[in-house]
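Colleague: I would like a close look at a single part of this model, set against the rest of the chain. Please take it slowly and keep to what the coordinates support.

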Amino acid sequence: MPINNSRIVTYSPAYTIVPTYECFNRCSYCNFRSEPGKSPWMSISDAESILKPLQSERICEILILSGEVHPHSPRRQAWFKRIYDLSELAFSMGFLPHTNAGLLSFEEMQKLKRVNISMGLMLEQLTPTLLNSVHRHAPSKLPEVRLQQLQRAGELQIPFTTGLLLGIGETVNDGWETLEAISDLHQRYHHIQEVILQPHSPGHQQTFDAPPFNPHQLPEVIAKARQILPSDITIQIPPNLVKDDCWLLACIEAGARDLGGIGPKDEVNPDYPHVQEQALREILQPAGWELVPRLPVYPQFDGWLSGELQTAVKRWRKTLTPVSLV
Ligand SMILES: O=c1nc2n(C[C@H](O)[C@H](O)[C@H](O)CO)c3cc(O)ccc3cc-2c(=O)[nH]1
Ligand SMILES: C[C@H]1O[C@@H](n2cnc3c(N)ncnc32)[C@H](O)[C@@H]1O
Ligand code: SF4
């Protein structure tokens, strides 16, 4: 049970599908978005062709990561339906879907809960100062509405992943305040399974002209986050954004215990290829850390899922997880 005290680091064997890259927000650090109406939506039959060959691999999580259509747009309903249908398709094909489609209404979240094992939304940073800089043209990044979505996930008993984007113009203290807000909500609803500490990593498309978050500072941030966050929340870091092996190990020593979804492509940071499982193992093992696959839902949340979702989760736990984690 005390997974956190053992020398285990987890990751999720994952594949990311993108319903659409079009987004009405213009976060200036984004390397993912395209202009509204300029990007075709992924069709259900295309998704089926992509997912089919993955069924014979060990991939368990389908991360559904999307650009956003404005809540008042006449195309919003069709956009939402596509995300719902893609989740349903992935589930029906034997995968465990996890959706992060940005801001959603209460009703939209309630519906997606039926076909998602867990969901996610990065808080980024709560400081309103970013509304004058990186988030000036990003209405979805209003701190209070993002926090509200985290609260609604709690009310709806949705196992949830959130996190901070580091190095986008926040102060050190802003970061602690964001972590404290996550902590407070978790103490009320006990629904946050992991917090991602995501170092801003410049890519080819963004207009935000700032250096990457210094990976040498990450261990310190992790150690402090470990003190702020309740112990049942896992800290996740993306290994492809912490290039140096020594610093990856330092991050783990400092308290990170999960490396997120590892798949063929990091859709958000396409300029930073994923380090594959075997290479990660070779970094971790000499230092005494064992790399173990996990599902997109942690065992303590299984009871929040519908009977149908629980059955699928139980099947995956048997095939993927060693006895020590069941
Ligand atoms: O399990 C999750 N992993 C998230 N991840 C991690 C993800 O699992 C992997 O790092 C890869 O992006 C998968 O290809 C993110 C990574 C990013 O670079 C940016 C945002 C996210 C958001 C999520 C998320 O909501 N849920
Ligand atoms: C899906 C998530 O991807 C993260 N994200 C967006 N752009 C970048 C970048 N250049 N570097 C690192 N993370 C980024 C944000 O935190 C967003 O919420
Ligand atoms: S980070 Fe998300 S919300 Fe911001 S522009 Fe990119 S896709 Fe849109």
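In which loop is phenylalanine 208 found? Please describe its surroundings, and then the ligand shells and the chain as a whole.

Modeller: This is a predicted model. Phenylalanine 208 is found in the loop between strand S6 and helix H6, the latter covering residues 218-228. Since 17 other C-beta atoms lie within 10 Å, phenylalanine 208 is partly exposed; 20 or more would be needed for a residue to be buried. Setting aside residues up to four places away in sequence, phenylalanine 208 touches Ser28, Tyr29 and Val134. Proline 97, by contrast, is 31 Å away from phenylalanine 208, C-alpha to C-alpha, with the two positions 111 residues apart in sequence numbering.

One of those contacts, Tyr29, leads to a ligand. Around ligand 2 there are 13 residues, and Tyr29, Met122, Leu165, Ser201 and Val268 come nearest. By class, this shell holds five nonpolar, seven polar and one charged residues.

Val268 also appears in the next shell, as one of the closest residues to ligand 1, together with Asn100, Gly120, Gly260 and Gly261. In total, 18 residues surround ligand 1. Two or more residues of that shell come from each of strand S1 (8-17), strand S3 (96-100), strand S6 (192-199) and strand S8 (258-262). The shell around ligand 1 divides into six nonpolar, ten polar and two charged residues.

Ligand 3 is surrounded by residues that include Cys23, Cys27 and Cys30, along with Asn25, Arg26, Phe32 and Arg33. Gly67, Glu68, Gly102, Ala138 and Ser140 also belong to this shell. Its classes are five nonpolar, four polar and three charged. An unreviewed UniProt entry lists Cys23, Cys27 and Cys30 under "binding site".

Two of these cysteines can be described further. Cysteine 23 is placed in the loop between S1 and helix H1 (44-51), and cysteine 30 has its place in the loop between S1 and H1 as well. Cysteine 23 counts as buried because it has 22 C-beta neighbours inside 10 Å. Cysteine 30 has 19 other C-beta atoms within 10 Å and is therefore partly exposed. Apart from neighbours within four places in sequence, cysteine 23 is in contact with Arg33, Gly67 and Glu68, and these three residues also occur in the shell around ligand 3.

The record also gives a wider annotation. In the unreviewed UniProt entry, "domain: Radical SAM core" covers residues 9-240. The end C-alpha atoms of that span lie 15 Å apart, and its content is 32% helix and 17% strand.

Strand S6, which precedes the loop of phenylalanine 208, brings in the interior. The largest nonpolar core has 76 residues, and Val195 and Leu197 have the most contacts inside it. Helix H2 (residues 76-92) gives the most to this core, namely six residues. In soluble globular proteins, nonpolar side chains tend to be buried together. Leaving out neighbours within four places in sequence, leucine 197 is in contact with Gly163, Leu164, Leu166, Leu218, Val221, Ile222, Ala225, Ile235 and Ile237.

Some loop positions elsewhere deserve a note. Leucine 131 is found in the loop between strand S4 (118-120) and helix H4 (143-155). With 15 other C-beta atoms within 10 Å, leucine 131 is partly exposed. Leucine 131 and leucine 142 are eleven residues apart in sequence and 7.4 Å apart in space, C-alpha to C-alpha. Glutamine 157, in the loop between H4 and strand S5 (160-166), has a phi near 55 degrees, a positive value in a residue other than glycine. Histidine 190, in the loop between helix H5 (172-189) and S6, likewise has a positive phi of about 55 degrees although it is not a glycine. Glutamine 157 is partly exposed, with 15 other C-beta atoms within 10 Å, and histidine 190 counts as partly exposed with 15 C-beta neighbours inside 10 Å.

Finally, the chain as a whole. Its secondary structure comes to nine helices and nine strands. The C-alpha atoms fill a box of roughly 55 × 45 × 40 Å along the principal axes. A compact globule of 326 residues would have a radius of gyration near 20 Å, so the 18 Å of the protein chain agrees with that. Buried residues make up 42% of the 326 residues. Among contacts between residues at least 6 apart in sequence, 76% join residues at least 24 apart.

Definitions and conventions
Residues are numbered from 1 along each chain as its sequence is written. Chains are lettered from A and ligands numbered from 1 in the order in which they are written. This is a predicted model: local features need pLDDT of at least 70, side-chain atom pairs count only at pLDDT 80 or more; totals for chains, interfaces and linings use all residues. A residue is near a molecule or strand if its C-beta atom, placed from the backbone, lies within 6 Å of it. Ala, Val, Leu, Ile, Met, Phe, Trp, Tyr, Cys and Pro count as nonpolar, Asp, Glu, Lys and Arg as charged, and the others, Gly among them, as polar. Helices (H or I, at least four residues) and strands (E, at least two) are DSSP runs, numbered from the N terminus. A nonpolar core is a set of buried Ala, Val, Leu, Ile, Met, Phe, Trp, Tyr and Cys residues joined through C-beta atoms within 7 Å. A residue is buried if 20 or more other C-beta atoms lie within 10 Å of its own, exposed if 12 or fewer, and partly exposed in between; C-beta atoms are placed from the backbone. Two residues are in contact if their C-beta atoms, placed from the backbone, lie within 7 Å. The radius of gyration is taken over C-alpha atoms; the globule rule is 2.2 Å times the number of residues to the power 0.38. UniProt positions are given in the numbering used here, feature names are shortened, and annotations may be inferred rather than shown by experiment.
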